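Hi everyone, thanks for making time this morning. I'd like to walk you through one model, so let me put it up on the screen.

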Amino acid sequence: MAETRQWQLASRPVGEPTAENFELVTVDRPEPGDGEVLVETLYQSVDPYMRGRMRDVESYAEPWNVGEPMQAGVVGEVLESEADEFAEGDVVTGDLLWAEHAVADADELQPVNPDLGPVSTALGVLGMPGVTAFWGLLDVGDPNPGDTVVVSAAAGAVGSVVGQLARINGARVVGTAGSEEKVEWLTEELGFDAAINYKETDDLGSAVAEACPDGIDVYFDNVGGPITDAVWPRLNVHARVAVCGQIALYNETEVPTGPRKLAKLIETRAKVEGLLVGDYQDRWGEALKRLSTFIQEDELRYRENVVEGFENAPDAFLGLFEGENIGKQLVKVGERGD
């Protein structure tokens, strides 16, 4: 019987994850049943939210079990189909496994159109991160022309799209990032009006004030922690804060006491709203159509950081917490059969 490899959760991390929390195992390759397809992974996504699934706590995403394979967004090629919806050779995307091969119900998969761009973009700018950025900014952030929009983790898969969409909507855009290379990419290529290298800034509050002399109307928060603390005093009256991620806190063993800055919301009557992309499932196609058009018109640019080799998937994930990636972090697992 044919075999395949998969990554399993070996243990739950305490603090920042390490390579010891992952185990690569060889198993029998699964066979599709009625209504199912066998998918060979071409690209696997790694995302910050996965850190939460390594904990044994209730959250919006079900935790992974120790000793079982983890889940990830995957773009893959159909090798065998027992479903009318897909045929051998089709390219599909879905939430599958950290595995070279996986079986899925046909209704859990979406077709990927290679004519729209590289199939890997179905995990990035034309996938979950892009849709998160689109509806998170436009629906929750609700920017107006002339607004100042601040985006944390602005060089990441979500933040880079948020900033460009804000620019397209006529806003002044400021991003935070962790290297001069990222700052240059944001300002020179993506059209951000300003960017702050938080790792090289002694006084984040002063840097934010200097970059946002007229205050902040929309804050798209991917990070939390000290960056959000620095942004908070600059919120304008009726500002909107979209809370998408809190990566600064994901590896904390004890969450710092707080919040202690809510009084600012009384003064500004600002709105703070969390967002989950799953709430926009019925509007996914609308977002992808608009994002695709912006890419075709060269209004929206993207970058992918591709780590080669399935055996390097944990390293790609761990690299997210070191700020190694610019744009979407992906693992290249296989090649298309054609």
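Let me start with a question for the room: which residues in α2 are buried? Before I answer, please keep in mind that this is a predicted model.

Okay, here is the list. The buried residues of α2 are Pro129, Gly130, Val131, Thr132, Ala133, Phe134, Trp135, Gly136, Leu137, Val140 and Gly141. That is 11 of the 14 residues in the helix, which spans 128-141, so α2 is largely enclosed by the rest of the structure.

Two of those residues deserve a second look. Phe134 and Trp135 form an edge-to-face aromatic pair, with 4.9 Å from centre to centre and 90° between the planes. Phe134 has a relative accessible area of 1%, so it counts as buried. For Trp135 the value is 5%, and so this residue is buried too. Trp135 also has a charged partner: Arg283 lies over the face of its ring, 3.8 Å from the ring centre.

Now let's walk off the end of the helix. After α2 comes Asp142, which has a positive phi, near 50°. Keep going along the loop between α2 and β8 and you find Asp147. Is Asp147 buried or exposed? Its relative accessibility is 10%, and the cut-off for buried is under 20%, so Asp147 counts as buried.

What does the side chain of Asp147 reach? One partner is the backbone nitrogen of Asn144, at 2.8 Å. Another is the side chain of Arg240, with which the Asp147 side chain makes a polar contact at 2.9 Å. If we set aside neighbours within four places in sequence, Asp147 is in contact with Asp142, Ala171, Arg172, Asp217, Val218 and Arg240.

That loop leads us into the sheet. Six strands make up this open sheet, with parallel pairing, and the order is β10-β9-β8-β11-β12-β13. At the edges are β10, residues 194-197, and β13, residues 271-274, each pairing on one side only. From one strand to the next, the twist averages 15°. As a quick reminder, strands of a sheet pair through backbone hydrogen bonds, either parallel or antiparallel.

Let's zoom in on one of those pairings. Strand β8, residues 148-151, runs parallel to β11, residues 216-221, and three bridges join them. If you want a landmark on your own screen, look for Val150, which stands opposite Tyr219 in β11. Packing on the sheet is helix α5, residues 204-211, which touches β9, β10 and β11. The direction of α5 makes about 175° with that of β10.

Last stop: the aromatics. How many aromatic pairs does a search of the whole structure find? It finds eight. Take Trp64 and Trp98: their ring centres are 6.3 Å apart and their planes sit at 75°, so this pair is edge-to-face. The two residues are 34 apart in the chain, with Trp64 in the loop between α1 and β4 and Trp98 in the loop between β5 and β6. Both of these tryptophans are buried. They also belong to a cluster in which ring pairs link Trp7, Phe22, Trp64, Trp98, Phe317 and Phe321.

One more for the charge-and-ring fans: the charged end of Arg303 sits over the ring of Trp185, 5.6 Å from its centre.

That's my tour. Thanks for listening, and please jump in with questions!

Key
Residues numbered from 1 in each chain as written. Predicted model: local features only at pLDDT ≥ 70, side-chain atom pairs only at ≥ 80, totals over all residues. Heavy atoms only, no water. Pairing = 2+ DSSP bridges. Helix = DSSP H or I, 4+ residues; strand = E, 2+ residues; numbered from the N terminus. Axes fitted to C-alpha atoms, helices over the stretch in contact; angles between N-to-C directions. Contact = heavy atoms within 4.5 Å. Buried < 20%, exposed > 50% of the residue type's maximum accessible area, 1.4 Å probe, protein only. Polar contact = N/O pair within 3.5 Å; in protein donor to acceptor, adjacent residues only side chain to side chain. Phe/Tyr/Trp six-rings, centres within 6.5 Å; stacked < 30°, edge-to-face > 60°. Lys NZ or Arg CZ within 6 Å of the ring centre and 35° of its normal.
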